[in-house]
Amino acid sequence: MSPVTAARRAQELCEFCPKMCRFSCPVSEVTGREALTPWGKVSLAALTMGRPDESSAMAFAGCTGCHRCAVYCAHDNDVPAILYAARASAVRSGVAPAYWTQLAPRFSALGHGEELDLAAVHRSLPRPQGEALLFAGCDALAAGGEEARDALFVAERMGAPLGLADALCCGLKLVEGGHPELSAAHFTRLGFLRSKKPLHLVFLQPGCARFVQEKLPEGSTAEHVTSYLARALAAMQTLPQPLPGSVVFHDPCALARDLQELTAPRALLAAALQDGLREPPRSGIDTSCCGAAGLLPRTMPDVARKLALDRRAELGEGEIVTSSPACAAALGAGEVVSLLRRWFSQ
């Protein structure tokens, strides 16, 4: 089904729906704008029919790809996919936000869309040997790569060492920025794909794991680091003494809803902490969005900041941990793998 056909079908379904997903969209919730509800954005994508103006393009930008709307959609409309296709039409029409248009030359020159030298950070990471490969990703590398170092350390201590994938970015941000063809071309150039045997990739960013799952060679595996480490934990005979205290855990949207991984991070935290974890409001499959994905911090920074502040307040007092580099940066939170490193470094 073409993007235009998909948008038309989604619009038809939306038109006869009482907008029961309205409250579920984090962007429309914090802005109070009807045009930024899932219904409003899907309708606008269908009505502009590939010829949006600048105002429409900014409406398409109001989506983090969190898929919270899908939890409440009786028709299972894939709103992010429709809006990413609409963003591509904005790029082709020359009305896209500046950051979307800047992504293409950055990827061509650097292999990623960040301003920092991610290649230098990647070169600074350890090079252990392991059958599974850690895909550090641009978000973790842009933060200095410490989460990748922690993941490599913990995996080795748990008896499941990871190698390091020779790649900086999977290309998801090109899709989010309206460049699907460039994303596909970027992915085919990734070095680890030259392997003729099935691949086992372990991701720090859950959205990246979901993005590449259907793109890998047959027989390959793409999973989140918490899934990988939880299996390693189950195979361990002896464990260190738990750390004192507890944490509040924020479920990243892509981990909870896209990968449907709710158990692994909780199993790891329950083992590592004397008092385990505390569940905030809107956890699990109904988790709130922190505003870090979908390029929202680049196109609507004030909205992204408000989302992060609201979620931070919702999480309450105490140490907060999550399992996504982007979420950790937005919330000022710690990472599950970093807490595990503290556990295994006692």
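In this predicted model, Asp139 touches Lys173, Gln205, Pro325 and Ala326, leaving out residues up to four places away in sequence. Asp139 itself belongs to helix α9, which spans residues 138-142, and with a relative accessibility of 22% this residue counts as partly exposed. A second aspartate, Asp53, is 86 residues from Asp139 in sequence, and the two are 30 Å apart in space when taken from C-alpha to C-alpha.

**The nonpolar interior**

In soluble globular proteins, nonpolar side chains tend to be buried together. Here the largest nonpolar core has 64 residues, and those with the most contacts inside this core are Leu134, Met158 and Leu229. If neighbours within four places in sequence are set aside, Met158 is in contact with Leu229, Ala232, Leu233, Met236, Leu268 and Phe344. Apart from the largest core lies another core, of 23 residues, and among its members are Ala165, Leu172, Leu199 and Leu216.

Helix α16, residues 263-272, has several buried residues, namely Ala264, Pro265, Arg266, Leu268, Leu269 and Ala272. What lies over them? The elements that cover the buried residues of α16 include the helices α14 (225-235), α15 (253-258) and α20 (336-344), together with the strands β5 (247-249), β6 and β7 (320-322). Leu268 links the two descriptions, since this residue is buried in α16 and is also one of the contacts of Met158.

**Two helices side by side**

Two packed helices are described by the angle between their axes and the distance between the axes. For helix α4 (residues 54-61) and helix α6 (residues 79-93), the axes come within 9 Å and cross at roughly 150 degrees. Angles over 145 degrees count as roughly antiparallel, and α4 and α6 are therefore roughly antiparallel to each other. The crossing in which α4 passes α6 is left-handed. Where the two helices meet, Ala57, Phe60 and Ala61 come from α4, while Leu83, Ala86, Arg87 and Ala90 come from α6.

**Cysteines without a disulfide**

How many disulfides does the model have? The count comes to zero, because a disulfide would need a pair of cysteine sulfur atoms within 2.5 Å. For Cys208, the nearest cysteine sulfur is that of Cys170, at 3.6 Å, and Cys208 is in no disulfide. Cys253 is likewise in no disulfide, and the nearest cysteine sulfur to Cys253, that of Cys289, is 4.0 Å away. Cys208 is buried, with a relative accessible area of 7%, and Cys253 is buried as well, with a value of 10%.

**Positive phi angles in a loop**

Most residues other than glycine have a negative phi, and most peptide bonds are trans. Two residues in this model have a positive phi although they are not glycines, namely Arg282 and Leu295. Arg282 has its place in the loop between β6 (277-278) and α17 (296-299), and Leu295 is found in the loop between β6 and α17 too. Are these residues buried or partly exposed? The table sets out their values.

| Residue | Phi | Relative accessible area | Class |
|---|---|---|---|
| Arg282 | about 55 degrees | 29% | partly exposed |
| Leu295 | about 65 degrees | 5% | buried |

Arg282 is thus partly exposed, whereas Leu295 counts as buried.

Definitions and conventions:
Residues numbered from 1 in each chain as written. Predicted model: local features only at pLDDT ≥ 70, side-chain atom pairs only at ≥ 80, totals over all residues. Heavy atoms only, no water. Buried < 20%, exposed > 50% of the residue type's maximum accessible area, 1.4 Å probe, protein only. Core = buried A, V, L, I, M, F, W, Y, C linked by side-chain atoms within 4.5 Å. Contact = heavy atoms within 4.5 Å. Helix = DSSP H or I, 4+ residues; strand = E, 2+ residues; numbered from the N terminus. Axes fitted to C-alpha atoms, helices over the stretch in contact; angles between N-to-C directions. Parallel < 35°, antiparallel > 145°, perpendicular 65-115°, else oblique. Left-handed = near helix turned anticlockwise from the far one by under 90°.
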